[in-house]
Amino acid sequence: DLADIGVTGLATMGRNLARNLARHGYAVAVHNRTTARTQQLIKEFGGEGTFVPAEELSAFVASLKRPRRAIIMVKAGPGTDAVIDQLADLMEPGDMIVDGGNAHFQDTRRREAALRERGIHFVGTGISGGEEGALLGPSIMPGGSTESWEALGPILQDISAKVDGVPCAVHVGPDGAGHFVKMVHNGIEYSDMQLIAESYDLLRQALGATPAELAEVFREWNRGELDSYLIEITAEVLEQVDAATGKPFVDIVVDQAEQKGTGRWTVQSALDLGVPVTGIAEAVFARALSGHPEQRAAAASLEGPELSGVGERELVEDVRQALYASKIVAYAQGFDQIAAASKEYGWDVDLGAMATIWRGGCIIRAKFLDRIRSAYDADPHLPTLLADPAFAAALNTAQEAWRRVVTTAVRIGVPTPGFSSALAYYDGLRRDRLPAALVQGLRDYFGAHTYHRVDREGAFHTDWSGDRAERPA
Ligand code: NBP
C-alpha cells in the first residue's frame, strides 16, 4: 500500500512529526540519510501506526500516493538544498515538497520559484514547538501555493495543536510567507525572554529576592494577563536547585546566552523593511553583549550605584505592568514587520490568523494572543496594535508604573534595554512633534536633502551657505 505522506530527515523533529502523523492514522513513508535512524524509529515506535520505511530516497518517493507529499526535516542550509534537488529529480509535476526546517524566507522564495518552473509545489513551512510540539501538536505556518494548501491543509490541521477546537495551522501566504512568519515568531520569542530576564534581574537586585521567591512571583503572574508558556517555565527554572551544589540552578549556569540566528534574521529583515523592531533588536543585542566575557571582564571595574535592597515591594506590581506594556510594544512591532513584508512581497497575510495559530503548540503561546486576534477582528487595517482600544487602555494604565521601573533600573544600574527601548518607542509613537524635524533640517544643511513644510505642499531647500533664503526644490 502507498503512503499518504512522507518524512525525510528523522532526527528529533522529523521523527516526532512522523510519529504524530502516524498516530493520526496516516500511512507515513519514512527516510533518513543514515538508515540507522529509520530503523531505530521503526524499532521503537513502529507500533504507533503505519510506517513505510525506505533505505533509498527513490524507494521513499516511489512509496508515496500521487500527488506525492514529502516533508523534509533536515538541518537548514546546504543540506536542505541537497535533499530538495534529489527529491525534485524523483518527482513529477503536481507533487509537493514541504520544507519544515528553519529556512531563511529568501531561500524559500528562491527554492519555490525554481521548483515552480518544474511544476512542483514547494511549501516552506514554519513549525514551532520544539520536540514536544512536533509529537503532540505544533503550531504550523505553511507558505506555498493555494493548491498545495488544499492538499496539505487538512493533514497539517489534523496534527497541529488545537486551542478551543481551532487548529494552530493556516495557510500563511505564497512562497516564503510561512518561513517569514516563523522567523518573526522566533524574534518575538527572543523579546519575550529578554523582558522576562529583565524582570527577574531587576526584582532580584532591587529587592534582594531569592530565585525561589521570584519563582512564586512569576507563578502568580501566570494567573493573570501574562498567562503564557514562557512565564510558566520561568517559575520552574527559577525554583530549580542544583543537586551538586545546593545553589539555585540559575546561579550555576554561565551567563552567556547563545543564539542560532533566527532573531538576527528578524532584525536584518526589519532593517531592510524599515520597521523598528526595537524590542527584538535589543533582545538579540543583549545576548550578544552577554557573549563577550573579555569585554565584560575589562569593564568590570567601571563604577555604578549601590545595587541591592533598594526597592519596595510595590516594585513587583510595577514590574509586572512594565513587562506587560513592553510585551505589547514588542508584539506590535513584530506584527508591523509581518504587515510590511506582506505588502512588499504581495503575501496578503491575515494578521489576526497569525495570532490565532500562535495560541497553541508554539513557544510564545499565551492568553495574550486572543487579545491580538480580537484587535485585528475589530479592525483588520489597524495601523498599530498600540491603537487598539483594549491595548491602549492597558498601556495607559501601565505607563506610570513602566516609567517608575525604568527610573529605578537606571538609578540602581540594572540594565533594562527591553523595558527602556519599548518605553521610548511608546513615547516616540505618541508624540505629536518629533525631533525628526531637526534631523531633516541638518540633512538639508549639509547635503541639500530638502524638506517638506508643515504649512505648504512641495519640497524646499534653504541656501545654508549663501543668503539662507528658502527656495522650492
Ligand atoms: P538537525 O537540525 O539536527 O538535523 C539533523 C538531520 O538532518 C538528520 O536527519 C541528518 O541526517 C539530516 N541531514 C543533514 Br545534518 N545533512 C543532510 C544532507 N546533506 N542530506 C540529507 N540529510 C541531511 O535536526 P532537528 O533538530 O530534528 O531539526 C530539523 C529541522 O527542524 C531543522 O531545520 C531545525 O532548524 C528545525 N526545527 C527544529 C526545532 C527544534 O526544536 N529542534 C524546532 C523547530 C524547527 P543524518 O541522520 O544522516 O545525519
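Glutamate 112 is buried in this predicted model, with a relative accessible area of 8%. The residue nevertheless forms a salt bridge with arginine 116, the closest N and O atoms being 2.6 Å apart. Both residues belong to helix α5, where a spacing of four residues places them about one turn of the helix apart. Arginine 116, at 52% relative accessibility, counts as exposed. This bridge therefore joins a buried residue to an exposed one.

**Salt bridges**

Side chains of opposite charge can pair when their charged atoms come close. A search of the whole structure finds 33 salt bridges. Three of them are listed below.

| Acidic residue | Basic residue | Closest N to O distance |
|---|---|---|
| Glutamate 112 | Arginine 116 | 2.6 Å |
| Aspartate 107 | Arginine 110 | 3.3 Å |
| Aspartate 255 | Arginine 296 | 2.5 Å |

Helix α5 (residues 105-117) also holds the pair of aspartate 107 and arginine 110; because they are three residues apart, about one helical turn separates them. Arginine 110 is partly exposed at 44% relative accessibility, and aspartate 107 is likewise partly exposed, with a relative accessible area of 27%. Both residues take part in a network of salt bridges that links Asp81, Asp99, Asp107, Arg110 and Arg111.

The bridge between aspartate 255 and arginine 296 has an N to O distance of 2.5 Å. This pair links distant parts of the chain, 41 residues apart: aspartate 255 lies in the loop between α11 (249-252) and α12 (262-273), and arginine 296 in helix α14 (residues 293-299). Aspartate 255 counts as partly exposed at 48% relative accessibility, and arginine 296 is partly exposed with a relative accessible area of 30%.

**Ligand surroundings**

The ligand is surrounded by 19 residues, of which Met13, Asn32, Arg33, Thr34 and Arg37 are the closest. By class, this shell comprises eight nonpolar, eight polar and three charged residues.

Several of the closest residues place N or O atoms beside ligand oxygen atoms. For methionine 13, a backbone N or O atom lies 2.8 Å from an oxygen atom of the ligand. Threonine 34 contributes through its side chain, with an N or O atom 2.5 Å from a ligand oxygen atom. The side chain of arginine 37 likewise has an N or O atom 2.6 Å from an oxygen atom of the ligand. Taken alone, the ligand exposes 910 Å², and the protein buries 75% of that area. The elements giving two or more residues to the shell are α1 (12-23) and α4 (78-90).

Technical notes. Residues are numbered from 1 along each chain as its sequence is written. This is a predicted model: local features need pLDDT of at least 70, side-chain atom pairs count only at pLDDT 80 or more; totals for chains, interfaces and linings use all residues. Side-chain values use heavy atoms; hydrogens and water are left out. A residue is near a molecule or strand if one of its heavy atoms lies within 4 Å of it. A polar contact is a pair of N or O atoms within 3.5 Å; within protein, one must be able to donate a hydrogen and the other to accept it, and residues adjacent in sequence count only if both atoms are side-chain atoms. Accessible areas come from the Shrake-Rupley method with a 1.4 Å probe; for residues, only the protein chains shown count as cover. Ala, Val, Leu, Ile, Met, Phe, Trp, Tyr, Cys and Pro count as nonpolar, Asp, Glu, Lys and Arg as charged, and the others, Gly among them, as polar. A salt bridge is a side-chain nitrogen of Lys or Arg within 4 Å of a carboxyl oxygen of Asp or Glu. Buried means under 20% relative accessible area, exposed over 50%, partly exposed in between (1.4 Å probe, protein chains only).
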